[in-house]
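Trainee: Please take a close look at the charged side chains with me. I would like to follow where they sit and which partners they meet, and then hear about any backbone details worth checking.

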Amino acid sequence: MVKLSNPQETIRILQKYEFQFKKKLGQNFLIDSHVTDKIIEAAEIRKNDFVLEIGPGIGTMTQHLCEHAGQVLAVEIDSSLIPILQETLAPYDNVVVRQGDILKQDIPAIAREYNGGRPVKVVANLPYYITTPIIMGLFESRVPLANVTVMVQKEVAERMQAKPGTKEYGALSLAVQYYAKPYLAANVPPNCFMPRPAVGSAVIRLDCLQGTPVEVEDESLMFRLIRASFNQRRKTLQNGIANSPELSFTKGEVAAVLTDLGIAETIRGEKLGLPEFAALANALGRKSVIKKESDM
Ligand code: SAM
């Protein structure tokens, strides 16, 4: 069987079905077998794995997943791709294609139904317009995940791995590193896709952590603090937090907590790591509980 990672085969299928690319769905299909091999290797796909693939397109990556994994579920939003997938995946009996929006799927139910609740591997050449909601949605669903191996825009991969004090560091770095350990598997140039995207891409594997890397009493508060600190990058942390519509701490309250934690009052969010944000959230969280009790 000629694989779709062969560009001639991709062109033949696209012409046969008179397929029109939909830019708004982030449709850039892989046409390079080195990249599909690299993704299989990076995701450490084994014969007993269940793999959830997001956005199979015409099935290029899916064909390779079917050959290496035990069972594959591929969720594709574009209904015009379903007949194409029926043809390109016909040789495989270990794949189910579901038409739908990945953001509306009940991922924990998928893990239970297809994998008996065991950790799932996720593989995707992601539509770049919804990279962050897809990844955060997976993590926040608390579905058991082994790893998530995704093709993303190169700059996004850099932000996911960034350390405090660098210009790439931000809310996405902290959110990803709270749930996973990122590992850059490959840089992928535009000529590996049809049509060519305007940006460089990278394959990143996120090894999902068992438990959390820091002790935090109120995750939602920690993430609101993180967002507030990076929303106003040039402001000090205490100004960012005091100005946030999502939070109700005064500058004085933040300054007092920073001093208690041994952190300079003039610090900016970009200098703080997860342990400091967790400590800040725990201290401010306790302060607001005391404040509420004294109001009663
Ligand atoms: N996996 C294929 C490949 O590597 O050649 C296609 C990758 S293409 C970058 C992204 C795919 O995601 C497209 O097929 C697109 O239609 C699909 N997609 C976009 N938004 C989606 C969503 N919300 N849920 C599921 N699939 C989506």
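Mentor: Happily! In this predicted model, Arg268 sits in the loop that runs between helix 11 (251-260) and helix 12 (274-295). With a relative accessibility of 36%, Arg268 falls in the partly exposed class. Together with Arg234, Lys235 and Lys271, Arg268 makes up a positive surface patch.

Now for charges that do find partners. The whole structure holds 13 salt bridges, and a good place to study them is the network that links Glu9, Arg12, Lys16 and Glu87. Start with Arg12 and Glu9, whose side chains form a salt bridge at 3.0 Å from N to O. These two are three residues apart in helix 1, so about one helical turn separates them. Their surroundings are worth comparing: Glu9 is buried, at 14% relative accessible area, whereas Arg12 is partly exposed, at 38%.

Arg12 also has a salt bridge to Glu87, where the closest N and O atoms are 3.8 Å apart. That pair connects distant parts of the chain, since Arg12 belongs to helix 1 and Glu87 to helix 4 (residues 82-88), 75 residues apart. Glu87 is partly exposed, because its relative accessibility of 26% lies between the 20% and 50% limits. Lys16 meets Glu87 as well, in a salt bridge of 2.8 Å from N to O. Lys16 is in helix 1 and Glu87 in helix 4, so this contact ties together parts that lie 71 residues apart in sequence.

Let us stay with glutamates and turn to the backbone. Most residues other than glycine have a negative phi, and most peptide bonds are trans. Glu18 has a positive phi, near 50°; its place is the loop between helix 1 (7-16) and strand 1 (29-30), and at 67% relative accessibility it counts as exposed. Glu44 has a positive phi too, near 55°. Glu44 lies in the loop between helix 2 (33-43) and strand 2 (50-54), and it is partly exposed, with 34% relative accessible area.

For the peptide bonds, look at the one from Met194 to Pro195: it is cis, with omega near -15°. Pro195 belongs to the loop between strand 8 (193-194) and strand 9 (201-208).

Finally, a word on cysteines. A search of the whole structure finds zero disulfides. Cys66 is buried, at 3% relative accessibility, and Cys208, at 13%, is buried too.

Terms used. Residues are numbered from 1 along each chain as its sequence is written. This is a predicted model: local features need pLDDT of at least 70, side-chain atom pairs count only at pLDDT 80 or more; totals for chains, interfaces and linings use all residues. Side-chain values use heavy atoms; hydrogens and water are left out. Patches are made of residues with over 30% relative accessible area and no salt bridge: like charges are joined within 9 Å, nonpolar side chains (Val, Leu, Ile, Met, Phe, Trp, Tyr) within 5 Å. Accessible areas come from the Shrake-Rupley method with a 1.4 Å probe; for residues, only the protein chains shown count as cover. A salt bridge is a side-chain nitrogen of Lys or Arg within 4 Å of a carboxyl oxygen of Asp or Glu. Lys and Arg count as positive and Asp and Glu as negative; His and the chain ends are not counted. The place of a charge is taken as NZ of Lys, CZ of Arg, CG of Asp or CD of Glu. Helices (H or I, at least four residues) and strands (E, at least two) are DSSP runs, numbered from the N terminus. Buried means under 20% relative accessible area, exposed over 50%, partly exposed in between (1.4 Å probe, protein chains only). A disulfide is a pair of cysteine sulfur atoms within 2.5 Å.
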